[in-house]
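Please look through the sequence and the model below before reading on. The paragraphs that follow go from charged pairs to single residues in their surroundings.

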Amino acid sequence: MKLTRITPACAIAAIAATLAFPAFAAAAKDASDADGAQDAVHSAPPAEIVVSGVLPRSQQDILSGVAVLKGAHLDQALRSSIGETLAHTPGVTATSFGPTASRPVLRGMQGERVRVLVDGIGSIDVSNTSADHAPAVNPLLAERIEVLRGPQALLYGSAAVGGVVNVIDRRIPTEVPKEPIHIGALASYGSAANERSVAGTVDVPLGGGWVAHADGSRAVSDDMKIGGYVLTPALRAQALATAASGAGDPGIDYTANANARGRLANTAAKSWDAGAGLAYIGAQGSIGIAYSHKDSLYGVPSRLATAPGQDQESPRIQLQQDRWDARAEIRPAGGTIDKIAARFGYAAYQHAELAPDGSVGTRFFNHGIEGRLEVTQTKLGGWQGASGVQFVNRDFNVIGDEAFLPRNSTQQLGLFTLQSYDAGAVKFEAGGRYEHSKLSSMPLPDQTQFWGGQRSFDTFSFSGGATWRVNSAWTLGLSASRTERAPSAEEMFANGPHAGTQAYEIGDVNLKTERSTSVEAILRGGGKGYSIEASVYHSWFGNFIYEDPTGAVEDGLPVYQMRQAPARYYGFELQGAVTLAEIGAWRLQADAMGDAVKATISGVGPAPRIPPLRVLGGVTLSDPRWDLRGEVEHVTAQNRIAAQETLTAAYTLVNAEFGFKPGGKDGRVSFTLGARNLFNVDARRAASFLKDYAPLAGRDIRLSVRLTV
């Protein structure tokens with residue numbers, strides 16, 4: 001399938017590039033000066049983390065919980081999937097659909113309610129369609145990863161009611177290196193899956209403000225080791241009972257399934273990425289383009305049969321994506337406009353679900369275009385703001401025996417603005433978004449089970465709040481938002497067996513707009529040797545879209561029907577650190593983190609797959625060259641469960657990290673030796689569809705080496 005029409009996103013990018021080029025030409029004579037002014041490759045980090053976005057701001061002034069992973073913290077957290085990389089971030093857990101296909105879960109929300117971005121543009125894949133579909137995002141090449149929640153997330157789409165994960169790379173260069181060639185390299189080994197990975201980037205200044213970029217990565221892993229049995233005690237007992245009764249499928253060894261332990265079958269993976277970019281960076285703006293290719297083959301954890309009539313599948317997924325990205329930015333000299341920025345992405349994505357013999361069962365195709373144009377106002381007194389337009393086009397198709405969706409397309413046009421006013425001790429912020437969505441279902445003539453037609457939605461979202469600088473060290477923030485989200489194609493058009501979730505899914509073409517009203521309060525601050533951040537939030541949903549188990553069975557799978565009802569989500573996130581002692585250059589620091597969320601669907605009961613209370617505490621001893629850390633993470637049992645859901649046991653993990661920089665804080669080489677789950681505990685996440693069949697990794701000793709030249 002292919003896109004055959006010119007979309008507004010293409011026009012936006014073309015216009016921005018056309019407008020930008022005269023400014024770049026005029027600025028060419030200043031390029032040599034700009035090279036030095038723009039360089040920040042090896043500069044010291046700022047005292048406060050500045051969060052990128054429509055209006056880059058100090059993290060202290062953000063109205064809701066936000067997290068940024070970069071540098072040594074990112075190196076320590078890096079795993080093969082974006083979900084596992086962020087799993088220790090406050091308010092974040094993961095779907096845990098094996099080590100490769102693990103997607104972030106933000107404040108108990110996943111799938112359609114969480115957007116995964118690459119430098120501000122969607123990942124353009126099918127990871128929102130099912131938990132077994134890996135995002136086409138490579139954490140190994142990330143320069144930083146940001147997690148945005150609350151009002152600012154709505155600037156990237158009304159579907160981001162749970163939040164946004166933005167993976168920022170340097171594929172389109174944004175600064176000119178001082179060196180003749182700038183090289184970054186990372187190599188790592190993880191023992192739990194015998195994982196071997198390498199990644200590298202190269203940036204070369206070509207003169208006159210031009211910079212060329214190239215990058216690549218390769219990762220290979222075996223089946224993942226686990227800390228105990230594959231199945232939960234209840235499923236083991238069921239499998240043994242089936243074996244004893246002789247009523248099961250004669251081709252399945254139920255006793256072997258019950259006794260499977262130590263390794264999670266069908267989780268081996270191999271992948272590679274390659275990309276190249278070219279950018280011009282001048283005193284008055286920049287323009288750049290990049291191409292990338294991703295190829296991945298990974299296994300989905302086997303769902304072992306335990307009862308008569310159950311299928312036992314071990315599918316693998318072969319994923320490919322070709323992607324083009326472009327960025328342009330103009331900074332006019334004077335006037336009311338400070339910056340005009342355009343961002344564009346196009347990707348052709350496909351994956352095939354392979355049977356054990358290598359035959360193709362089902363193919364997924366997704367061609368997508370997304371573009372953004374943002375205009376930032378010049379700061380006048382205390383007033384600052386930015387406004388823009390965003391366009392998304394998605395053409396999606398599934399072909400094969402398990403095609404639970406028809407061919408469909410989604411088009412969205414969004415207009416947004418964010419305005420802030422600095423009144424000194426108090427900073428006010430307000431934003432709004434209008435979005436028009438058109439979703440079309442186009443089944444083939446023989447696909448009579450699917451509805452064919454078109455639905456359109458107009459949604460309006462608003463947010464507002466203020467931060468109060470109590471003093472130089474403490475800030476209190478309060479925000480409120482009213483959000484509307486159009487139903488997705490998956491929620492409306494599905495009608496068929498979905499092996500990834502082991503459910504027969506039936507959508508509802510009459511779904512209404514999902515609405516939510518949210519409030520959040522946040523406190524940030526600290527003093528000599530300590531810091532604290534605490535946030536509480538509450539969201540009330542109208543027309544909340546959820547899957548309701550009907551009790552029927554179709555094609556050997558339980559039937560789930562999409563329905564709507566009022567719902568509410570509320571919870572908290574808390575983190576803090578304190579310096580216990582300082583001896584010379586050495587510092588001993590303790591830190592702690594905790595989060596919890598509770599979700600209820602009115603008239604139904606608890607929402608499914610909600611993470612329980614989690615607490616984590618650690619102690620770090622460090623100086624400019626050495627970094628030693630030990631931590632304990634405890635996750636309580638999840639006994640508050642939805643219909644057809646099972647209980648999740650509590651678990652406690654002990655982790656350790658050891659870091660060494662031979663050249664000190666500004667050294668170009670760093671070593672990280674870490675151990676997760678030191679005592680090889682059997683742990684399962686409540687947010688996972690596969691928790692009863694796929695525990696978390698067992699003891700994982702990981703060595704990483706990073707080089708920056």
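The structure holds 37 salt bridges, a salt bridge being a side-chain nitrogen of Lys or Arg within 4 Å of a carboxyl oxygen of Asp or Glu. This is a predicted model, in which local features need pLDDT of at least 70 and side-chain atom pairs count only at pLDDT 80 or more, whereas totals for chains, interfaces and linings use all residues. Residues are numbered from 1 along each chain as its sequence is written, and side-chain values use heavy atoms, with hydrogens and water left out.

Side chains of opposite charge can pair when their charged atoms come close. One such pair is Glu 84 with Arg 685, whose closest N and O atoms are 2.8 Å apart. Glu 84 lies in helix H4 (residues 82–85) and Arg 685 in the loop between strand S35 (669–676) and strand S36 (700–708), so this salt bridge ties together parts that are 601 residues apart in sequence; helices (H or I, at least four residues) and strands (E, at least two) are DSSP runs, numbered from the N terminus. Glu 84 counts as buried at 14% relative accessibility, and Arg 685 is buried with a relative accessible area of 11%, where buried means under 20% relative accessible area, exposed over 50% and partly exposed in between, for a 1.4 Å probe and protein chains only.

A second salt bridge joins Arg 115 to Glu 370, with the closest N and O atoms 3.0 Å apart. Because Arg 115 lies in strand S6 (residues 114–118) and Glu 370 in strand S19 (residues 360–377), the pair ties together parts that are 255 residues apart in sequence. Both Arg 115 and Glu 370 are buried.

In the salt bridge between Arg 485 and Glu 514, the closest N and O atoms are 3.1 Å apart. Here Arg 485 belongs to strand S24 (residues 475–485) and Glu 514 to strand S27 (residues 514–527), so the parts tied together are 29 residues apart in sequence. Salt bridges that share partners also join Asp 119, Arg 323, Asp 325, Arg 327 and Arg 343 into one network.

Turning to single residues, Ser 96 lies in the loop between strand S4 (92–94) and strand S5 (104–106), and its phi is near 55 degrees, a positive value in a residue other than glycine. Ser 96 is buried, with a relative accessible area of 5%. Ser 296, in strand S16 (residues 285–299), is buried with a relative accessible area of 6%. Not counting residues up to four places away in sequence, Ser 296 touches Lys 270, Ser 271, Ile 317, Gln 318 and Leu 319, contact meaning heavy atoms within 4.5 Å.
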